[in-house]
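Let's walk through this model together, one piece at a time. Keep the viewer open and click along as we go.

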Amino acid sequence: MTKNKAKKKVGSSTIALNRKARHEYYVEEKFEAGLELQGWEVKAMRAGKANIADSYVFIRNGEAFLFAATITPLNVASTHVVCDPMRSRKLLLKRRELDRLASQLDREGYTLVPLALYWSKSWVKIEIGLVKGKKDHDKRQDVKERDWKREKDRMMKHKNR
């Protein structure tokens with residue numbers, strides 16, 4: 001007899017993406033962190049009610065916090081809990097990672113920005129990036145390169161026919 005394999009779940013594990021971050025910043029390094037959440041926030045994330053577009057990460061007293069991320073509460077989540085959609089949420093990182101990030105943030109021009117919010121098994125994880133801001137001419141160059149790549153792919157596709 002063969003053992004039944006676990007069925008893969010249909011759908012994506014991504015909850016929210018910060019697409020603007022890759023356009024606005026150079027991503028130097030990426031880190032994965034857990035989130036300290038309340039029950040109503042997990043329910044809202046399962047329903048896809050999270051937004052990390054304008055949020056950022058700051059380090060205070062040796063702990064990292066996610067600021068300005070919006071998790072819209074569900075209407076049926078709970079009646080006795082007061083839901084604050086914009087509260088600061090603690091990030092769960094190892095001490096060595098926190099110390100390294102704090103030292104790198106002291107350098108000029110670096111900041112921490114959330115890149116993606118996703119499920120890892122039954123845990124919510126956030127991918128944060130150590131980033132440096134782009135200038136306007138850098139953004140225009142990226143757009144030109146992306147357009148050229150798209151045009152090149154089209155030409156190669158039609159050439160092979």
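Leaving aside its neighbours within four places in sequence, which residues is Gln104 in contact with? Keep in mind that this is a predicted model, then pull up the residue: its partners are Glu29, Tyr110 and Leu130. With Glu29 there is also a polar contact, side chain to side chain, at 3.1 Å. Gln104 belongs to helix H3, and its relative accessible area is 11%. Buried means under 20%, so Gln104 counts as buried.

Now zoom out to the helix around it. H3 runs over residues 95-105, and its buried residues are Leu98, Leu101 and Gln104. These three span an arc of only 130° around the axis, which is why they end up on the same side of H3. If that spacing looks familiar, here's the background: an α-helix has 3.6 residues a turn, so residues three or four places apart point the same way. And what covers those buried residues? Strands do part of the job, including S2 (25-35), S4 (56-60), S5 (63-67), S8 and S9.

Let's follow S9 next. This strand covers residues 123-133, and a loop connects it with S8 (110-120). Glu127 sits in S9. Is Glu127 buried or exposed? With a relative accessible area of 18%, Glu127 is buried, since the limit for that label is under 20%. Skipping neighbours within four places in sequence, Glu127 is in contact with Lys30, Phe31, Val113, Pro114, Leu115, Ala116 and Tyr118.

The loop between S8 and S9 tells another story. Lys121 lies there, and at 81% relative accessible area Lys121 is exposed. Try drawing a line from Lys121 to Asp84: the two are 37 residues apart in sequence, and their C-alpha atoms are 26 Å apart in space. Compare that with Trp40 and Thr72, which are 32 residues apart along the chain but have C-alpha atoms separated by 9.5 Å.

Trp40 takes us to helix H2, residues 39-46. Trp40 is buried, with 5% relative accessibility, and a polar contact of 2.6 Å joins its side chain to that of Gln38. Trp40 has company in H2, where Glu41, Ala44 and Met45 are buried as well. These four cover an arc of only 140° around the axis, so they lie on the same side of H2. Turn to the other side of the helix and you find Gly39 and Arg46, both exposed. Just after H2, Gly48 takes a positive phi of about 80°.

While we're on backbone angles, two residues other than glycine have a positive phi too. One of them is Asn61, with phi near 55°. Asn61 is in the loop between S4 and S5, where it is exposed at 75% relative accessible area. For Ala68, phi is near 70°. Ala68 is in the loop between S5 and S6, but with 17% relative accessibility Ala68 counts as buried.

Finally, let's look at the empty spaces. How many cavities of 30 Å³ or more does the structure hold? There is one, and the largest cavity has about 40 Å³ of space. Met45, from the buried side of H2, is part of its lining, along with Leu35, Ala50, Asn51, Ile52, Leu66, Ala69, Thr70, Ile71, Arg89 and Leu117. Strands S3 (50-51) and S6 (70-71) each supply at least two of these residues. By type, the lining splits into eight nonpolar, two polar and one charged.

There's an open space to see as well: the second largest pocket, with a volume of about 190 Å³. Around it you'll find Gly34, Leu35, Leu37, Val42, Leu92, Trp119, Ser122, Trp123, Val124 and Lys125. S2 and S9 are the elements that give two or more residues to this lining, and S9 gives the most, with three. Here the split is seven nonpolar, two polar and one charged. Notice that Leu35 turns up in the lining of this pocket and in that of the largest cavity.

Key:
Residues numbered from 1 in each chain as written. Heavy atoms only, no water. Buried < 20%, exposed > 50% of the residue type's maximum accessible area, 1.4 Å probe, protein only. Arc of directions from axis to C-beta. Contact = heavy atoms within 4.5 Å. Polar contact = N/O pair within 3.5 Å; in protein donor to acceptor, adjacent residues only side chain to side chain. 1 Å grid on protein atoms, 1.4 Å probe; cavity = no way out; pocket = protein on both sides within 12 Å on 5 of 7 lines; lining within 4 Å. Points joined across faces, edges and corners; volume = space filled by probe spheres on them. Nonpolar A, V, L, I, M, F, W, Y, C, P; charged D, E, K, R; others polar.
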